[in-house]
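Got the viewer open and a selection box ready? Let's take a walk through this one, stop by stop.

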Amino acid sequence: MRSTAMTPALGTALAAVLALAGCAGGQPAETPAASAHAEAAASVTVSDAWVKAGDDGMTALFGMLDNGGATSITLSGAETDAADMAELHETVESDGAMTMREKEGGFEIAAGGHLMLEPGANHVMLMGLTGPLRAGDEVTVTLSFSDGSTLDVVAPVKDYQGANEEYDEGHEAH
Ligand SMILES: [Cu+2]
């Protein structure tokens with residue numbers, strides 16, 4: 001039985017393993033025991049996490065969050081040493097242009113549901129990079145949930161070119 005109280009260290013290790021697993025698929029990660037008393041962070045598994053490479057200014061964290069718990073949870077914030085500030089962003093169409101904005105109230109993830117963070121859609125914005133992020137680097141982002149629990153995600157930095165127009169338009173709209 002997995003303890004319902006996953007330690008931050010274990011969460012970090014799990015996230016790192018999942019990040020390394022990438023798109024390999026295969027066996028799904030072990031799902032933490034469902035419990036109404038479980039911390040939100042202990043119910044979440046993160047897969048395919050990555051951060052877009054950048055020299056300065058803004059970039060973003062992407063990936064998939066799965067809620068293996070029995071209750072809905074809310075991703076409410078994020079922070080990282082790699083940037084002055086991190087915000088939860090959604091992308092919306094406004095007058096035919098895609099713009100992004102802070103997601104009011106955070107992202108709710110239903111029991112058994114998932115939250116996809118991807119370019120041109122929901123993402124964790126990293127603002128005011130404290131230094132260049134190059135492909136091959138690793139960034140640790142601490143996700144926080146509305147119950148106060150936190151989960152460290154270790155994400156590799158990747159060069160990203162696709163869908164840049166849409167993504168950069170969003171940046172300009174900040
Ligand atoms: Cu954004």
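Before we set off, here is something to keep in mind: does D95 count as buried or exposed? Select D95 and look around. With 5 C-beta neighbours inside 10 Å, D95 counts as exposed, because the cut-off for that label is 12 or fewer.

A word of caution first: you're looking at a predicted model. The chain has a mean pLDDT of 81, and 71% of its residues reach 70 or more.

**Stop 1: the hairpin.** Stay with D95, which sits in the loop between β4 and β5. Now widen the selection to residues 83-94 for β4 and residues 97-102 for β5. These two strands run antiparallel, joined by 6 bridges, and they make a hairpin with 2 residues between them. Within that pairing, pick V92 and you'll find T99 of β5 standing opposite. Back in the turn, check the backbone of D95: its phi is positive, about 55 degrees, although D95 is not a glycine.

**Stop 2: the other partner of β4.** Keep β4 selected and add residues 123-129, which is β8. β4 and β8 also pair in the antiparallel sense, over 6 bridges. To see where they line up, select A86 and look across to L126 in β8.

**Stop 3: a loop residue that is tucked away.** Follow the chain on from β8 towards β9 (138-145), and in the loop between them you'll meet L133. Is L133 buried or exposed? L133 is buried, since 22 other C-beta atoms lie within 10 Å. Highlight what L133 touches beyond its sequence neighbourhood: V51, A53, G54, T59, A82, V139 and V157. Then draw a distance to D55: these two are 78 residues apart in sequence, yet their C-alpha atoms are 6.0 Å apart in space.

**Stop 4: another positive phi.** Jump to β1, residues 44-52, and select D48. Phi of D48 is near 55 degrees, a positive value in a residue other than glycine. As for its surroundings, D48 counts as partly exposed because it has 17 C-beta neighbours inside 10 Å.

**Last stop: where to tread lightly.** Colour by pLDDT and select residues 14-36, where the value stays under 50. The model has 37 contacts beyond four places in sequence for this stretch. Do likewise for residues 162-174: pLDDT stays under 50 there too, and the model has 15 such contacts. Where pLDDT is low, the predicted coordinates should not be read in detail.

How values were computed. Residues are numbered from 1 along each chain as its sequence is written. This is a predicted model: local features need pLDDT of at least 70, side-chain atom pairs count only at pLDDT 80 or more; totals for chains, interfaces and linings use all residues. pLDDT is the predictor's confidence in each residue, from 0 to 100. Two residues are in contact if their C-beta atoms, placed from the backbone, lie within 7 Å. Helices (H or I, at least four residues) and strands (E, at least two) are DSSP runs, numbered from the N terminus. A residue is buried if 20 or more other C-beta atoms lie within 10 Å of its own, exposed if 12 or fewer, and partly exposed in between; C-beta atoms are placed from the backbone. Two strands pair if DSSP finds at least two bridges between them.
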